[in-house]
Amino acid sequence: MASQLLDKREVRIRRMFSQIAPWYDLLNHLLSLNIDKHWRERTARLVPPGPVELGPILDLCTGTGDLALTYQRTTQGRIPIIAADFSHEMLVRAVKKSQSAGASSHIHFVEADAQALPFPDNTFQLVTMAFGLRNVTDMDRGLRETVRVTRPGGRVAILEFSRPRNAVLGRLYQWYFRSLLPLIGQLISRSPENAYRYLPESVLHFPDYEALVERMQAAGLDQVQYEPFTFGIATLYVGVKPERSATAPSAPPPTHA
Ligand SMILES: C[S@@+](CC[C@H](N)C(=O)[O-])C[C@H]1O[C@@H](n2cnc3c(N)ncnc32)[C@H](O)[C@@H]1O
C-alpha cells in the first residue's frame, strides 16, 4: 500500500495535483490552521531578494502561486518573478489569483517540469520551492536543475515539511498527519489518487535536516543552512551557488571527420 501511495512517476504526480487543484488552497489553509501562510511569509522575510540588476526570482512547483504572490507583495513588484509548475490546472488557479491581486504584470507563469527547465544557465538571483521538492520524481535531478539556472552567488530556498524532533510532539504530529489529516483531506477532495494519504507517506519518507542539506550540497550548493519552523513541522533550507561555479556552456557536438 505504501509503495503504491508513494508512486512518484511524473504522470501520477501531475494527475494527482491536477485533480485536487480546486480544493488545494482550502485544504492547505484548513489542515495547517493557516500556518502555511505564515511559513511562506517567513521565507520571504528570511530570504529577501537583492537588487533587480541581479536578475529575476524563480518559484518552482508554484502550484496555485502562493509563494510567488508572497514575494510579489514583499518586493512590491520590484523584482520580476517567474513561477513554474507542470500541472496546468494548478497554474490556471495561480493565474486567476495573480490577476485578482493585481500582480499579473509582475509574475509570469510557465508550464514546466522542474527536472528539465526551459531557462538558460545562471539566470535567477533566487530560486524558491515550497512543498514541491518532495514530489519531484527525481529529487536530485530537480536540485541540479535548480542550481543550473541560479546565477553564481545566487540562492536556492527550499521550504518543505519535516518531522519534529521532540518525541512527544513527534507522536502527536504522526497521529494528526497519519490519521486525522488524510481523513479530512480525502473527505473534502475525494482525490482518486489518494493525495491526502500520499502526503503523510511522502513526508515520512523524505530526507530532512542534515540529510537534505547533504543532497543540496551534492547538487552544487554551498553554505547550506536550515531553520525549522513551528517545532520542525516545516523547515526552510537555504544554499548559495558558489561564484566560481558558473555553469559551463554545453560542450559543442563532436565533429566527425
Ligand atoms: C504541494 S504543491 C506546492 C504548491 C505551492 N508551492 C505551495 O506552496 O502551496 C506541489 C506542486 O508541485 C508540482 N510539481 C510536482 N512535481 C513537479 C515537477 N517535476 N515539475 C513541476 N512541478 C511539479 C505539483 O504540480 C504541485 O503543484
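The following paragraphs describe the ligand site, selected strands and helices, and several individual residues of a predicted model.

Residues are numbered from 1 along each chain as its sequence is written, and side-chain values use heavy atoms, with hydrogens and water left out. Because the model is predicted, local features need a pLDDT of at least 70 and side-chain atom pairs count only at pLDDT 80 or more, while totals for chains, interfaces and linings use all residues.

The ligand is surrounded by 19 residues, of which Y24, C61, D85, A114 and A130 come nearest (a residue is near a molecule or strand if one of its heavy atoms lies within 4 Å of it). By class, this shell holds 10 nonpolar, 6 polar and 3 charged residues; Ala, Val, Leu, Ile, Met, Phe, Trp, Tyr, Cys and Pro count as nonpolar, Asp, Glu, Lys and Arg as charged, and the others, Gly among them, as polar. Helix 2 (residues 10–31) contributes the most to the shell, with 4 residues. Helices (H or I, at least four residues) and strands (E, at least two) are DSSP runs numbered from the N terminus.

Both side-chain and backbone atoms of the protein approach polar atoms of the ligand. A polar side-chain atom of Y24 lies 2.7 Å from a ligand oxygen atom. A polar backbone atom of A130 is 2.8 Å from a nitrogen atom of the ligand, and a backbone N or O atom of F86 lies 3.3 Å from a ligand nitrogen atom. On its own the ligand has 600 Å² of accessible area, and the protein covers 98% of this (Shrake-Rupley method with a 1.4 Å probe; for residues, only the protein chains shown count as cover).

S18 is also placed in helix 2. At 14% relative accessibility, S18 counts as buried, where buried means under 20% relative accessible area, exposed over 50%, and partly exposed in between (1.4 Å probe, protein chains only). The side chains of S18 and E89 make a polar contact of 3.0 Å. A polar contact is a pair of N or O atoms within 3.5 Å; within protein, one must be able to donate a hydrogen and the other to accept it, and residues adjacent in sequence count only if both atoms are side-chain atoms. Leaving aside neighbours within four places in sequence, S18 is in contact with S87 and E89 (contact means heavy atoms within 4.5 Å).

Strand 4 (residues 124–130) pairs with strand 5 in the parallel sense over 6 bridges; two strands pair if DSSP finds at least two bridges between them. Within this pairing, V127 has V156 of strand 5 as its bridge partner. Strand 5 (residues 150–161) is largely enclosed by the rest of the structure, because 9 of its 12 residues are buried. Helix 8 is likewise mostly covered, with 9 of its 10 residues buried; among them are Y196, Y198, L199 and E201.

D208 lies in the loop between helix 8 (195–204) and helix 9 (210–218). With a relative accessibility of 12%, D208 counts as buried. The side chain of D208 forms a polar contact of 2.9 Å with that of R163. Not counting residues up to four places away in sequence, D208 touches S162, R163 and Y237.

Y237 belongs to strand 7, where it stands opposite Y226. Strand 6 (residues 222–229) and strand 7 (residues 234–240) run antiparallel and are joined by 6 bridges. The two strands form a hairpin with 4 residues between them, and T230 in the turn has a positive phi of about 45°. Most residues other than glycine have a negative phi, and most peptide bonds are trans. Q223, in strand 6, also has a positive phi, near 50°, and counts as exposed at 58% relative accessibility. A further positive phi, near 75°, occurs at N34, which is found in the loop between helix 2 and helix 3. N34 is partly exposed, with a relative accessible area of 37%.

Two pairs of residues illustrate separations in sequence and in space. H38, in helix 3 (residues 35–46), is partly exposed at 38% relative accessible area. H38 and T230 are 192 residues apart in sequence, with 9.9 Å between their C-alpha atoms. G170, in helix 7 (residues 167–189), counts as buried at 13% relative accessibility. G170 and I233 are 63 residues apart in sequence and 9.1 Å apart in space, C-alpha to C-alpha.
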